[in-house]
Each structure stands twice: as structure tokens, then as C-alpha cells.
Amino acid sequence: MMRLWGRKSSINVQKVLWCLSELGLEEGKNFERIDAGLHFGLNRTPEFLKLNPNGLVPTLEDGDLILWESNTIMRYLARQYDKQKRFPIDIASQYGSEKWLDWQVGTMWPALRTPFLGLTRVPAAERNYDAIRKSYQDTNSLLSLLDQTLANQKYCSGNQFHIGDIALALCVGRWILLHEAFPEETGPRADLKNINAWIKRLENETKYSEIAEKELNIVK
Ligand SMILES: N[C@@H](CCC(=O)N[C@@H](CS)C(=O)NCC(=O)O)C(=O)O
């Protein structure tokens with residue numbers, strides 16, 4: 001049975017859990033999950049570091065194969081376990097999704113990470129409020145690019161849901177929650193109508209609501 005290491009509150013673990021759920025793979029039946037990270041610990045033990053030298057979650061064991069990096073784990077699961085053809089495999093959809101997966105990890109998350117970690121992991125007295133606000137406003141601008149794409153298609157890589165949507169939507173969820181909880185610190189949140197409609201679509205057509213955080217997990 002596959003083994004997934006990671007606490008459910010982690011955005012990157014949530015990507016994998018959402019993907020598994022879309023593929024019809026169930027915890028306890030098709031995979032086991034071990035809580036690790038933050039207050040659960042385990043991720044700095046010598047045993048865990050042998051699996052993932054970064055000491056981070058998620059980490060997946062599937063037989064002899066050990067994977068880390070949430071987007072790579074989703075790519076693997078979609079390739080290996082998509083018996084029901086949940087995700088399209090035509091070249092345009094696949095690489096449309098790949099593009100957004102790389103954008104999420106390489107462009108958008110580096111901007112959103114500053115307000116996210118700054119407001120949920122750093123005590124108020126130690127926060128860099130200028131950097132938090134600037135990066136939140138940068139995220140507004142970056143997400144307007146996704147919004148433009150979603151003006152012409154239902155999902156990030158075309159008219160069918162793909163794993164790129166999973167990575168993006170969980171970030172968008174944090175972006176919304178951060179502004180709700182810390183409106184002064186983030187400054188205004190851009191009103192992006194196509195993103196709003198896409199989130200509604202994800203709620204109606206995918207397992208988004210099962211996985212997405214309803215409130216921020218603030219750990220200081
Ligand atoms: N690029 C990695 C980042 C992994 C990462 O930063 N994981 C965080 C949780 S979201 C972590 O393990 N933090 C340490 C902890 O939870 O104790 C991925 O996408 O999987």
C-alpha cells in the first residue's frame with residue numbers, strides 16, 4: 001500500500017490528498033497516511049531524512065519509489081493511477097497544466113509565501129509588514145494573469161479539470177483567507193471575477209470543498 005507522510009493542514013499535502021481523491025484512491029484502503037510536520041514532528045528524524053533529505057512533507061512511498069515535491073507527486077499519481085481518465089492526457093491539456101504547475105511553484109508561491117508565512121507563522125512583533133503587504137499586492141497582479149486565462153476557458157489548461165487547477169486553487173484559497181483574516185496587513189484583494197467563477201466550478205465539479213481549508217491554520 002502507498003504511504004503518504006504529511007499533516008492534513010499543509011497546502012502541499014492537500015494537493016496530494018485532493019489528487020488522490022479525484023483518482024478514487026482512499027485513505028486506509030489504497031494508501032496510508034502518517035501525520036508529520038509542525039507539531040506532529042517526525043520530519044527531522046534520521047528515518048524520515050533518509051526518505052526526504054529536505055525534511056519536508058509531503059513525501060510519498062510507493063513500493064521502492066520514494067517521491068517528494070508535491071507537484072511531482074501529483075504528476076506521478078495522475079500518470080500511474082488514473083484508471084478512470086479523470087485528467088485529460090492530450091498533449092495540449094497536459095502541457096497547459098504543466099505550465100501552470102511550474103508557475104505555481106516558481107512564480108506565484110514565492111510571492112504569496114511571504115504574507116502566508118509572515119502572518120501565520122511569525123509572531124506579530126517580528127513581522128515585516130512592508131514585505132507582507134508588497135508581496136500580497138504582487139500576488140494580486142500575478143493572479144490577474146490566471147484570471148485572464150480563465151476568461152476564455154473553464155480550467156487553467158482548457159475546458160477540463162487538471163492537476164494544475166489543484167495546485168493553483170489551494171494557493172488562491174490561502175490568498176482569500178489571508179485577506180479575510182488580515183485585511184489591514186495584506187491591503188486590498190483584487191476582485192478577479194473569472195477566478196471567483198472558477199472556484200465555484202471547482203466546488204461544484206471536483207473534490208475541492210472536501211480538501212480546502214475553511215480557515216487559516218495560524219501557528220505562532
Ligand atoms: N516544494 C515542496 C515544499 C514542501 C514544504 O515546504 N512543505 C512544508 C509544509 S507545506 C513543510 O514540510 N514544512 C515543515 C513542517 O510542516 O514541519 C513541495 O511542493 O512539496
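Leucine 38 is found in the loop between S2 and H2. In this predicted model, phi of leucine 38 is near 45 degrees, a positive value in a residue other than glycine. A second backbone feature worth a look lies in another loop, the one between helix H2 (46-51) and strand S3 (59-62), where proline 58 is found. The peptide bond that leads from valine 57 to proline 58 is cis, and its omega is near 5 degrees. Why do these two places catch the eye? Most residues other than glycine have a negative phi, and most peptide bonds are trans.

Both features turn up again around the ligand. Leucine 38, valine 57 and proline 58 are among the residues that surround the ligand. The other members of this shell are Ser10, Ile11, Asn12, Gly37, Asn43, Leu56, Glu69, Ser70 and Asn71. Two elements, helix H1 (11-22) and helix H3 (70-81), give two or more residues each to the shell. Sorted by class, the shell has five nonpolar residues, six polar residues and one charged residue.

The strands come next. Four of them form an open sheet, and reading across it gives the order S2-S1-S3-S4. The pairing in this sheet is mixed, and the strands that can be followed one by one show both senses. Strand S1 (residues 2-5) and strand S2 (residues 31-34) pair in the parallel sense, over four bridges. To get from S1 to S2 the chain passes through H1, and this β-α-β crossover is right-handed. S1 and S3, by contrast, run antiparallel and are joined by three bridges.

Which residues stand opposite tryptophan 5? In S2 the residue is isoleucine 34, and in S3 the residue is threonine 59. Next to tryptophan 5 in the sequence comes leucine 4, whose bridge partner in S2 is arginine 33. It may help to keep a simple rule in mind when looking at these strands: in a regular strand the side chains alternate between the two faces of the sheet.

Which strands stand at the edges of the sheet? They are S2 and strand S4 (65-68); each has a single partner strand, so one side of each is left without a neighbour in the sheet. On average, neighbouring strands of this sheet are turned by 15 degrees against each other, with direction ignored.

Stepping back to the whole protein chain, two domains are assigned: domain 1 covers 2-81 and domain 2 covers 91-211. Taken over C-alpha atoms, the centres of domain 1 and domain 2 are separated by 22 Å. Where the two domains meet, twelve residues of domain 1 are in contact with eleven residues of domain 2. H1 and H3 each supply at least two residues of the side of domain 1 that touches domain 2. H1 provides the largest share of that side, with eight residues. By class, the residues on this side of domain 1 divide into six nonpolar, three polar and three charged. H1 and H3 thus appear in two settings, giving residues to the shell around the ligand and to the side of domain 1 that touches domain 2.

Note on methods: Residues are numbered from 1 along each chain as its sequence is written. This is a predicted model: local features need pLDDT of at least 70, side-chain atom pairs count only at pLDDT 80 or more; totals for chains, interfaces and linings use all residues. A residue is near a molecule or strand if its C-beta atom, placed from the backbone, lies within 6 Å of it. Ala, Val, Leu, Ile, Met, Phe, Trp, Tyr, Cys and Pro count as nonpolar, Asp, Glu, Lys and Arg as charged, and the others, Gly among them, as polar. Two strands pair if DSSP finds at least two bridges between them. A crossover is right-handed if, with the strands pointing away from the viewer, the path from the first strand over the helix to the second runs clockwise. Axes are lines fitted to C-alpha atoms, for helices over the stretch in contact, and angles run from 0 to 180 degrees between N-to-C directions. Domain bounds come from an automatic or database domain assignment. Two residues are in contact if their C-beta atoms, placed from the backbone, lie within 7 Å.
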